[in-house]
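Biologist: Hi! Could you walk me through this chain in simple words?

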Amino acid sequence: MQTRRQFFALSTGLAATAIASSTLPSFAAGKSRKGNFSGRSNHVTTGQTVLNSNNVVLQSNFSLDGAPDPRVGLGKNGKYDPKTDLGALKKLNGKQTYRLGGGIDASGYNEVYIWCRKFNVPLGVAKLGN
């Protein structure tokens with residue numbers, strides 16, 4: 001009787017693990033999600049960004065018209081999450097990479113933000129697809 005229970009517990013656990021691992025976001029397996037910026041708060045923000053499990057990469061066509069204290073971060077469904085602040089924007093144009101800090105799970109976000117910390121407003125948002 002004990003052996004049967006152990007077998008059932010083990011097989012149920014293995015099945016649950018297999019199901020859970022098959023539902024991970026596509027970028028967890030080395031793929032990434034892309035999006036195109038659109039400006040916010042009367043700012044012009046253009047270009048493409050890529051989010052993977054480790055980094056946000058603003059592509060070579062990225063451009064921001066300028067603002068005080070622009071930051072890079074993540075959000076979900078139209079809401080910026082200040083806990084995902086990845087640092088100050090390095091330059092107004094061109095390719096740049098921002099590493100996700102410990103504790104930031106990229107799978108929980110579907111937008112990349114250029115955020116003005118001084119005025120607490122978005123400067124640009126890129127909605128991510130596949």
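Modeller: Sure, here is a short tour of the chain and some of its residues. This is a predicted model, where local features need pLDDT of at least 70, side-chain atom pairs count only at pLDDT 80 or more, and totals for chains, interfaces and linings use all residues. Residues are numbered from 1 along each chain as its sequence is written, and side-chain values use heavy atoms, with hydrogens and water left out.

Biologist: Thanks! What does the secondary structure of the chain come to?

Modeller: One helix and eleven strands. Both are DSSP runs numbered from the N terminus: helices are H or I with at least four residues, strands are E with at least two.

Biologist: And how much of the chain is buried?

Modeller: Of the 130 residues, 36% are buried. Buried means under 20% relative accessible area, exposed over 50%, and partly exposed in between (1.4 Å probe, protein chains only).

Biologist: Why is strand S6 called largely enclosed?

Modeller: Strand S6 covers residues 70-76, and six of its seven residues are buried, so the rest of the structure largely encloses it.

Biologist: Which sense does S6 pair in with strand S10, and over how many bridges?

Modeller: Antiparallel, over six bridges, with S10 spanning residues 111-116. Two strands pair if DSSP finds at least two bridges between them. One example is Gly 75, which stands opposite Glu 111 in S10.

Biologist: How many bridges join S6 to S7?

Modeller: Three, and those strands run antiparallel. Leu 74 has Asp 81 in S7 as its bridge partner. S6 and S7 also form a hairpin with two residues between them, and Asn 77 in the turn has a positive phi of about 50°.

Biologist: New topic: is Thr 84 buried or exposed, and why?

Modeller: Thr 84 counts as buried because its relative accessibility is 1%. It lies in the loop between strand S7 (79-81) and strand S8 (87-88).

Biologist: What does the side chain of Thr 84 reach?

Modeller: The backbone oxygen of Asp 81, at 2.7 Å. Leaving aside neighbours within four places in sequence, Thr 84 is also in contact (heavy atoms within 4.5 Å) with residues including Val 72, Ile 104 and Tyr 109.

Biologist: Last one: where is Lys 127, and is it buried or exposed?

Modeller: Lys 127 is in strand S11, residues 121-127, and counts as exposed because its relative accessibility is 55%. Its C-alpha atom is separated by 7.4 Å from that of Phe 37, although the two are 90 residues apart along the chain.

Note on methods
Polar contact = N/O pair within 3.5 Å; in protein donor to acceptor, adjacent residues only side chain to side chain.
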